[in-house]
Amino acid sequence: MQSGTAEKPSRNPTKSQALFVSDIHLAESRPNTTNAFLDFMAHQARQSGRLYILGDLFEYWAGDDDIENAWNHRILEAMRQLSLTGTAVFWMPGNRDFLTGERFAAESGAVFLPDLHDDVFGELKIAMAHGDAQCLEDTDYVKFRMMVRNPQWQQQFLAQPLEKRKAIIESFRKDNHKTNETKPDTVWDVTPSAIDEVFSRTGASTFIHGHTHRPGIHEHGGKKRYVLPDWDLDSAQARGGWLELTASGKFVPHPVNSTI
Ligand code: MN
């Protein structure tokens with residue numbers, strides 16, 4: 001990152017209430033995405049009272065002992081610095097980084113949220129989820145999720161050496177790639193009945209989630225559903241962004257600066 005005009009603080013003295021991001025899919029092999037995220041953390045995120053990271057920040061997370069890795073440490077340090085400079089950082093694990101645990105929380109300074117959480121901003125109640133738990137048509141995945149979210153399974157998995165865990169995750173990913181190619185398109189989106197349930201369980205008027213990589217705004221019986229974009233600044237179709245809840249309570253989507 002070069003210093004220049006981007007280093008100057010925002011001219012707007014009014015902080016946003018919150019920023020929402022998900023599916024950044026950080027990996028050491030994606031340097032542009034990593035730089036864009038670190039730039040976002042050092043600039044835009046500091047202009048907000050809160051930052052909600054709604055899962056899949058990492059391409060995968062094999063366990064908190066991987067914090068020793070210098071690259072992982074750098075990401076956690078960016079989160080910690082943000083929380084130290086006055087932006088509350090909230091963390092909801094996704095389907096790729098659900099093995100983040102207590103050490104991750106302690107070292108990142110982030111407050112863990114359950115998958116399906118709601119917060120009130122003035123008059124507005126917002127429900128948040130990663131999004132995978134609302135994709136019920138992918139029955140193979142629903143079964144897989146039940147298995148890996150089981151504390152006993154996690155305990156056994158985490159008892160294995162880090163390198164072995166990484167190899168297992170890589171093999172899951174290869175298998176997924178193969179089976180996913182044959183699935184119909186609707187499998188990749190949320191199921192309407194699951195969205196009904198989010199609104200009825202939380203009483204929220206707005207639902208924000210990621211996971212599907214289909215950014216957009218949807219009306220749902222007078223309520224609104226915002227889908228966050230995934231980030232990839234290392235492919236030909238550079239993309240990414242976040243959703244802002246402004247000081248006055250408006251939602252504004254922002255594209256990531258792909259020239260960093
Ligand atoms: Mn996901």
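This is a short tour of a predicted model, going from a metal site to two helix pairs and a few single residues.

**Stop 1: the manganese ion**

Start by selecting the manganese ion and zooming in. Which protein residues act as its donors? Pick D56, N95, H130 and H211, and show their side chains. The atoms to look for are OD of D56, OD1 of N95, NE2 of H130 and ND1 of H211, and they lie 2.0 to 2.3 Å from the ion. Now colour these four along the chain: the donors follow the spacing D-x38-N-x34-H-x80-H.

Keep two of them selected for a moment. N95 sits in the loop between β3 (88-91) and α3 (102-108), while H130 sits in the loop between β6 (124-129) and α4 (139-148), so this pair ties together parts that are 35 residues apart in sequence. Are they buried or exposed? Residues under 20% relative accessible area count as buried. N95 has 18%, so it counts as buried. H130 has 0% and is buried too.

**Stop 2: two aspartates with a positive phi**

Stay with D56, the donor you already have on screen. Trace its backbone and you'll be in the loop between β2 (48-53) and α2. D56 is buried, with a relative accessible area of 1%. Its phi is near 55 degrees, which is positive although the residue isn't glycine. Why stop for that? Most residues other than glycine have a negative phi.

Next, select D23. Where is it? Look in the loop between β1 (16-21) and α1. Phi of D23 is near 55 degrees, again a positive value in a residue other than glycine. D23 is buried as well, at 0% relative accessible area.

**Stop 3: helices α1 and α2**

Hide the side chains and show the cartoon for residues 31-42, helix α1, and residues 70-84, helix α2. Two packed helices are described by the angle between their axes and the distance between the axes. Here the angle is about 20 degrees and the axes are 9 Å apart. The two helices are therefore roughly parallel to each other, and their crossing is left-handed.

Now bring the side chains back. On the α1 side, click T34, N35, F37, L38 and M41; they meet W71, R74, I75, A78, M79 and L82 in α2. Sort the residues of this contact by class and you get eight nonpolar, two polar and one charged.

**Stop 4: helices α5 and α6**

Move along to residues 151-158 (α5) and 162-180 (α6). At what angle do their axes cross? Roughly 125 degrees, and the axes come within 10 Å. That makes α5 oblique to α6.

Select W153, F157 and L158 in α5, then R165, I168, I169 and F172 in α6, and you have the residues that meet. By class, this contact has six nonpolar, no polar and one charged residues.

**Stop 5: I217 on the outside**

Finish at strand β8, residues 216-220, and select I217 within it. Is I217 buried or exposed? It counts as exposed, with 51% relative accessibility. Leaving aside neighbours within four places in sequence, I217 is in contact with K224, R225 and Y226. As a last exercise, draw a distance from the C-alpha of I217 to the C-alpha of L228: these two are 11 residues apart in sequence and 9.1 Å apart in space.

Key: Residues are numbered from 1 along each chain as its sequence is written. This is a predicted model: local features need pLDDT of at least 70, side-chain atom pairs count only at pLDDT 80 or more; totals for chains, interfaces and linings use all residues. Side-chain values use heavy atoms; hydrogens and water are left out. Donors are N, O and S atoms within 2.8 Å of the metal (3.2 Å for Na, K and Ca); water is not among the atoms, so sites may look incomplete. Helices (H or I, at least four residues) and strands (E, at least two) are DSSP runs, numbered from the N terminus. Buried means under 20% relative accessible area, exposed over 50%, partly exposed in between (1.4 Å probe, protein chains only). Axes are lines fitted to C-alpha atoms, for helices over the stretch in contact, and angles run from 0 to 180 degrees between N-to-C directions. Angles under 35 degrees count as roughly parallel, over 145 as roughly antiparallel, 65 to 115 as roughly perpendicular and the rest as oblique. A crossing is left-handed if the near helix is turned anticlockwise from the far one by less than a right angle, and right-handed if clockwise. Contact means heavy atoms within 4.5 Å. Ala, Val, Leu, Ile, Met, Phe, Trp, Tyr, Cys and Pro count as nonpolar, Asp, Glu, Lys and Arg as charged, and the others, Gly among them, as polar.
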